[in-house]
Amino acid sequence: MKLSHYNLENSIDFDESAVWSLVCESPRQFARLTRDFYAPSENTDGGWFLYDGKRLDLSKYVMCLIDFHNVGINDKKSSNILQEKLKQTAFDEHHTVSTHEIISAITGYLNNLTADVDFPTRVCNVDLGIILKSVGISFLDESENLCEKLMDYVTLLSRLTVIKVIVCVNLRSYLEIELLDAFFNHCEQNCINVLCIESHCKKKLNCEKVLFCDEDMCEYFPNK
């Protein structure tokens with residue numbers, strides 16, 4: 001699997017390394033490289049392309065993380081993931097009969113309830129998604145620090161989504177080097193590839209491959 005940008009000569013090849021850091025010390029180019037991850041969601045092509053034998057949809061297989069303090073297993077994105085998984089599970093071979101029985105029972109109850117209203121009414125289709133949201137189901141969150149929260153988030157993505165790559169913006173500004181190493185290892189163990197886009201990199205970890213680019217988008221790999 002490769003992640004490429006039309007202004008970069010080198011691709012981010014996850015077959016070579018599951019963890020990459022792209023270091024761009026130019027604020028202008030840094031802003032450009034990070035902004036382009038959001039372009040596909042704005043109905044434009046953007047500058048990044050994901051390939052795995054064929055071109056893949058970035059919005060489906062790539063998750064971009066920038067506000068790490070608001071990332072967690074019960075944030076809005078995680079809640080949407082949980083709701084979608086619950087709806088899928090409700091109609092799988094193990095639960096579909098019970099699900100239809102419950103929907104039928106709720107529909108019958110509502111028909112009886114509205115029959116006592118002194119005005120013509122009708123009961124529309126029962127939306128299971130709305131029911132699931134109304135009961136307040138959430139993940140059990142026992143994380144105590146930022147690194148643990150990010151690890152739990154990676155586990156969630158690995159188990160409940162098709163996300164293959166997470167892009168972290170300036171993660172080195174949030175995690176000490178030992179915690180960063182632990183986070184990278186956790187991602188590898190959960191088969192999630194990582195691209196960190198950084199404005200600086202003082203120390204390269206053994207598990208990562210680092211690519212530098214300058215103001216003119218000239219690229220080089222560090223010696224160590």
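**Notebook: F68 and the sheet**

I looked up F68 first: F68 is buried, with a relative accessible area of 0%. I call a residue buried under 20% relative accessible area, exposed over 50% and partly exposed in between, using a 1.4 Å probe and protein chains only.

The model is a predicted one, with local features needing pLDDT of at least 70 and side-chain atom pairs pLDDT 80 or more, while totals for chains, interfaces and linings use all residues. Residues are numbered from 1 along each chain as its sequence is written, and side-chain values use heavy atoms, with hydrogens and water left out.

**Aromatic pairs**

I took Phe, Tyr and Trp rings (the six-membered one for Trp) as paired if their centres lie within 6.5 Å, stacked if the planes are under 30 degrees apart, edge-to-face if over 60, and tilted for the rest. How many aromatic pairs does this rule give? I got five. One of them is F37 with W48, which is stacked, at 4.6 Å centre to centre and 15° between the planes. F37 lies in the loop between α1 (27–35) and β4 (48–51) and W48 in strand β4, so this pair ties together parts eleven residues apart in sequence. Helices here are DSSP runs of H or I with at least four residues, strands are E runs of at least two, and both are numbered from the N terminus. I checked burial for the two rings' residues, and both F37 and W48 are buried.

Back to F68, then: F68 pairs with Y174 edge-to-face, 4.8 Å centre to centre and 65° between the planes. This pair links distant parts of the chain, since F68 sits in the loop between β6 and α3 (76–90), Y174 in the loop between β7 and α7 (177–189), and the two positions lie 106 residues apart. F68 is buried, but Y174 counts as partly exposed, at 35% relative accessibility.

**The sheet**

Next I traced the strand order. The sheet is open, has six strands and mixed pairing, and runs β6-β7-β8-β3-β9-β10. The edge strands, each pairing on one side only, are β6 (62–65) and β10 (219–220). I counted two strands as paired if DSSP finds at least two bridges between them.

I started at the β6 edge. β6 pairs with β7 (residues 165–169) in the parallel sense, over four bridges. C64 stands opposite V167 in β7, and L65 has C168 of β7 as its bridge partner. Which way do the β6 side chains point? V62 and C64 point one way, M63 and L65 the other way, and all are buried.

One strand further in, β7 and β8 pair in the parallel sense over five bridges. I noted V165 here, whose bridge partner in β8 is N193. On to β3 (residues 19–24), which also pairs with β8 in the parallel sense, over five bridges. In that pairing, L22 has I197 of β8 as its bridge partner.

Is β8 (193–198) enclosed or open? Six of the six β8 residues are buried, so the strand is largely enclosed by the rest of the structure. N193, L195 and I197 point one way from β8, and V194, C196 and E198 point the other way. I did a double take at E198, but it is on the buried list with the others.

**Loops with positive phi**

I then looked at backbone angles on either side of α7. N170, in the loop between β7 and α7, has a positive phi of about 55° although it is not a glycine. N170 is buried, with a relative accessible area of 18%.

C191 is another non-glycine residue with a positive phi, near 60°. I found C191 in the loop between α7 and β8. Is C191 buried or exposed? C191 is exposed, with a relative accessible area of 63%.

**Helix α7**

Last, I went to F184, which lies in helix α7. F184 is buried, with a relative accessible area of 0%. I also took the C-alpha separation between F184 and C207: the two residues are 23 apart along the chain, and the atoms are separated by 7.5 Å.
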